[in-house]
Every structure is written in C-alpha cells, then in structure tokens.
Amino acid sequence: MAVARKSVSTKTRIHIFDTTLRDAEQCPGGRMTVDEKLKVAHQLARLGVDVIEAGFPYSSPGDFEAVQRIVREVKGPTIAGLALCRLECIDRTAEALKAGKRVRLHVFLSTSPQHREGILRKSKEEVLEMAVSSVKRARQQIAEVEFSPMDATRTEFDFLCAVVEATIEAGASIINIPDTLGYALPHEFGDLIRRLREAVPNSARARISVHCHDDLGLATANSLAGVLNGATQVECTINGLGERAGNAALEEVACILTTRRELKRRFATGIVLKEIYRTSRLVRETTGMPVQPNKAIVGANAFAHSSGVHVDGVIKLMQRRASFEIIRPQTIGREKSEIVLTSRSGRKALNHRLGELGFKLSPAELDKTYQRFLALADQRKQVTDDELESLVADELRVGAQETYRLDYLHVVSGGTTIPTATVRLVRDGDSSQAVASGVGSVDAVYKAIAQVIKAPHRLVDYNVSSVTGGTDALGEVTVRIEDRSGTTHTGRGSSMDIIEASAKAYLQALNKLVFRSGQTAASARKKTRKA
Ligand SMILES: [Zn+2]
C-alpha cells in the first residue's frame, strides 16, 4: 500500500482583521449607510479576511443596525463589534452580536499615563479593575473577547504587562496592541511585542494582535515588525483609510507577506489576492475617499502603464516588464478581461459577466443596468469590466434612497455664452423644474438642482476621474456634501458625459441627505410623542 506523504505546513497563520467599517468609518468623509456597509462586508468576506470589525454599536442606532445585519447576513469571517469598558456599552454590543455564530466582542480602554490622568482621571489600580471586570462582563455574553489597551505604546511597560496578564486571565483570547498615535518606530514596536510575549506569563494563551496608525507613514512597517516578533493578527483597513492619517493598509500587509520569499516561507494569510483591487475600488466608490495615484498596490500608477508608448515600445516594454515588476497586476485582480461585451451581447451575457465580477442584481437592477449598458455599447464598440463595475455601482447605490430622480437636463455653454442649466427633477410623480446660470456648466447644474431640493448643505469635495482612457471614456464623479449637523454624504455617478455624471453624483448625495434628515425628523417626532 502506498503511503501518501503529506507535507506539514510549518507556516504561521496571520489573521487579517479588517476595521474599514469601524476605524475608517469614524474619519470625516468615511461615513457609509447601512446598505453600503453590508456591500463592503460581503466583499471583505470574498477577500478572505478573518475578522470584520463591523462597527461600534453603542455609538449610534445606525451602527447598531449595521453590525446586527452584518452578523446575520455575511457568512465566513468572524464579525466583531467594538465597545468601551462600560457595562451598558458592552451589553448593547453583545446584543448586536448575539445572533451570530462566529462573533467577537472587542473591548478597549486607555492605559497610558497621559490618557489615565488626562481623560479617564483614574489610578492604575482603577484602570486595571475596569479592564478586568469589562472583559468578564463581555465573556458572560460572547465567547470570544478581544481586549485593546489603547495607547499601549506610551504605557509604562510593567503596567502594560499587568493589564495584559489580568485580561487574559479574565478571559480575553486576543490581545491587541495599538500604536494609537502612530508614533512608534518599527524596531521599537517589534521589541515591544517580543518583550511583552516574554514577560507576560500567560501570553501564550492569547493571540497577540497589532493595530498601527500611519501618522509618520510607518503603519505597515510597524505591523510587519509586530508579525516578525510574534503577533499573529494584524488590524488594517482597505486603502489604508482610518482616523487621521489612517491605518496600516490591508493590501500592503497582504502583498508584503507573499511578495518576499523569505516571508512567504514563514507566514500565510487567508487573503484572496485577486480580490484586492475590486475591494479597493468598492471602498473608494462607497466612501468617496479617493486613492492617491502613487499609492502602493492599488494606486492608479502603481503598475507601469503602456499608454502613450509606441507599439514597438510596448513590445519592448512587455519584454522588459518582468525585470521591473515585483508584483503582477493580475495577482491583485487588475488584469484586463479577455471577455469583451458588445452591443450584441444579450442581457444573459451581461448578467453572467456581472456574476463573475461578483455582483448579484435583482431583475429590476439588471434591467436598468442593461439599458445603460446598451447605451454605452452603442457608442463604444466594447465595454470593459471597469466600465461595467462603474455602471452597476450607480444602480446599486441608489436604491431606496432615491427621493428625487433626474428627469431632464439641458446645458447651454461655450464661447461667450453664460453657462446655463435647465433641470427637471421628479419626486413621487411630481416634477419640479429650475433654471440657473453659473461660472461653468457643472456650477450651473448644481445651482439649478439646489433650487429644487432646498436642503441646507455645503459642497465639500468634487472629484472627476475617467474609468478608461480616451475622450470617449466613461467618466466617474464623486461628490461629498456636508449637512447642518456636520454629517457628510457621498454621491457618485458615471456617464460618458461628465456634466450628466456630475448631476447624478450630486443628486445621489442630496438624496442621502434628504433621506437621513427624514429619518432624524421621524425619530425626533417619536421621542416627543414618548415624552
Ligand atoms: Zn485605530
């Protein structure tokens, strides 16, 4: 009988903990609706992350609902909810999580002298006691508990050890060491992780995690230093989003661990690399936070392009490419598809391709997307995957919040003409029309739209990019507006005509604002009735 020889993997499995929906969501402009969070969470599951930190349920009813729905609807990763070390906060977080099988309650408490004295006004003993009783409270309700001593890198080493030991004893099975202010240097941070593991007697009973911020551009380097010194969970975000300068970028951490052979031999993650680019795009579109062109891995210029180079130049470039590339664009899902759809491709072919790209559309959504696909395919011979994704993103993001619909748009501009726009919007079957002039066509359109939708707001950001090259490219516009309460709302739109894309994006952002203010008004009415 032949004996099958199994090679036993000696690799250390590094868990990837994505906190895009929590840490990045807290930053200005990172806000997402519940539906948007769900979409991102489904994509994170496809990407193969081990843990999705879905939110901070105690912070708002919206966050509570998002965590609860992600727990119920997203299969695969463990879903975590963040909580302060306060009883009511822990209980509320446990409530949002309790329907799930694979869930984690993540409690955090500041341990540094600066935070103990300045914010908490508590002694070391009191802080230690709060941490222990909070972990115990969390464990009574949820089996898996993670504890983070916030501002760990500025905490006295002995006290940090005491807190870590006590919280492991109290039942935390994951201990996360955050460099909250992004102040640590890689060799220091690596040392901290190693010394902590050596000094804390029960450290082997917990998984050690790192959470690094990018204030000095060292988040990824510090995370890697943590891994090299025994951390087996990395907390990170897509596109490196997050508070202030952001967190360690998931795509960078994942690619470092597979690109460098000596690291690949020692470590493994569950990340499906070819889903990286799509995830990055989805997060960019959903949050409206642009990715800098020179961003590692996912930036527009991260890989050499052949545009503008002569044909023989391209061939030479292709031949030399291998010697310049350390990662191939295909590896992270940036390849151009072999399958090209044309105007003759039917609805079935479109649906099939969208399925391959990871989109599941309802019949109504497919209908709308197909109409737009035909319009685009009529003008361009071929429709690329990037363009398809952009069209679908338009349909998927509108949904229930489309209070106002663009019915008619006409712009006169050019030469000595004063740019003037006529806009007609429909709400519940009633149409309203407005005419406005502006310094440019987009300005005129925006003024006309704002005349119809009289919701106070401020335009914070307007961004145009082209999905593919050329003047006949599909243009994508992202806008961010801020309402009176300071909440930002993002809208995006795509079209071959940049004015139309701009109108759609603005309208979508305004629709969200109107939808939200309707919700706030309704809950205010409820409260007054109760009172
Ligand atoms: Zn953070």
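This briefing describes the fold, the surface and the salt bridges of one protein chain.

The model is predicted. The protein chain has 531 residues, of which 50% count as buried. There are 18 helices and 16 strands in it. One main feature of the fold is a closed barrel of 8 strands.

**The barrel**

- The barrel runs in the order β2-β3-β4-β5-β6-β7-β8-β9, and its strands pair in parallel.
- From one strand to the next, the twist averages 25°.
- Strands of a sheet pair through backbone hydrogen bonds, and the pairing can be parallel or antiparallel.
- One example in the barrel is strand β6 (residues 145-150), which is joined to strand β7 (residues 174-179) by 2 bridges.
- E146 has I174 of β7 as its bridge partner.

**Helices against the barrel strands**

- Helix α7 (residues 157-170) lies across β6 and β7, and runs at about 150° to β7.
- Helix α9 (residues 219-228) lies across three strands, namely β7, β8 (207-212) and β9 (233-236).
- The angle between α9 and β8 is about 165°.

**Chain-wide totals**

- Among contacts between residues at least 6 apart in sequence, 67% join residues at least 24 apart.
- The chain exposes about 25500 Å², and carbon and sulfur atoms supply 52% of that area.

**A nonpolar patch and a buried serine**

- L459, Y462, V464 and I498 form a nonpolar patch on the surface, with about 290 Å² of accessible area together.
- Strand β14 (residues 457-466) gives the largest share of the patch, 3 residues.
- L459 is found in strand β14, and L459 counts as partly exposed because its relative accessibility is 39%, between the limits of 20% and 50%.
- S441 lies in helix α17 (residues 441-452).
- S441 has a relative accessible area of 15%, so it counts as buried, the limit being under 20%.
- Apart from its neighbours within four places in sequence, S441 is in contact with V411, S413, P419 and I499.

**Salt bridges**

- Side chains of opposite charge can pair when their charged atoms come close.
- The count of salt bridges in this model comes to 36.
- One of them joins K37 and D63, whose closest N and O atoms are 2.7 Å apart.
- K37 is in helix α2 (residues 34-47) and D63 is in helix α3 (residues 61-73), so this pair links distant parts of the chain, 26 residues apart.
- Both K37 and D63 are buried.
- R116 and E156 also meet through their side chains in a salt bridge, with an N to O distance of 2.8 Å.
- R116 lies in helix α5 (residues 113-120) and E156 in the loop between β6 and α7, so the pair ties together parts that are 40 residues apart in sequence.
- R116 counts as buried at 4% relative accessibility, whereas E156 is partly exposed at 26%.
- R205 forms a salt bridge with E169, and the closest N and O atoms are 3.4 Å apart.
- R205 lies in the loop between α8 (186-199) and β8, while E169 is in helix α7, so the pair ties together parts that are 36 residues apart in sequence.
- R205 counts as exposed at 52% relative accessibility, and E169 counts as exposed at 53%.
- R281, R284, E285, E476 and R492 are joined into one network by salt bridges that share partners.

Key: Residues numbered from 1 in each chain as written. Predicted model: local features only at pLDDT ≥ 70, side-chain atom pairs only at ≥ 80, totals over all residues. Heavy atoms only, no water. Pairing = 2+ DSSP bridges. Helix = DSSP H or I, 4+ residues; strand = E, 2+ residues; numbered from the N terminus. Axes fitted to C-alpha atoms, helices over the stretch in contact; angles between N-to-C directions. Contact = heavy atoms within 4.5 Å. Buried < 20%, exposed > 50% of the residue type's maximum accessible area, 1.4 Å probe, protein only. Areas by Shrake-Rupley, 256 points an atom, 1.4 Å probe, with all protein chains shown as cover. Patch = residues over 30% accessible without salt bridge, like charges linked within 9 Å, V, L, I, M, F, W, Y side chains within 5 Å. Salt bridge = Lys/Arg side-chain N within 4 Å of Asp/Glu carboxyl O.
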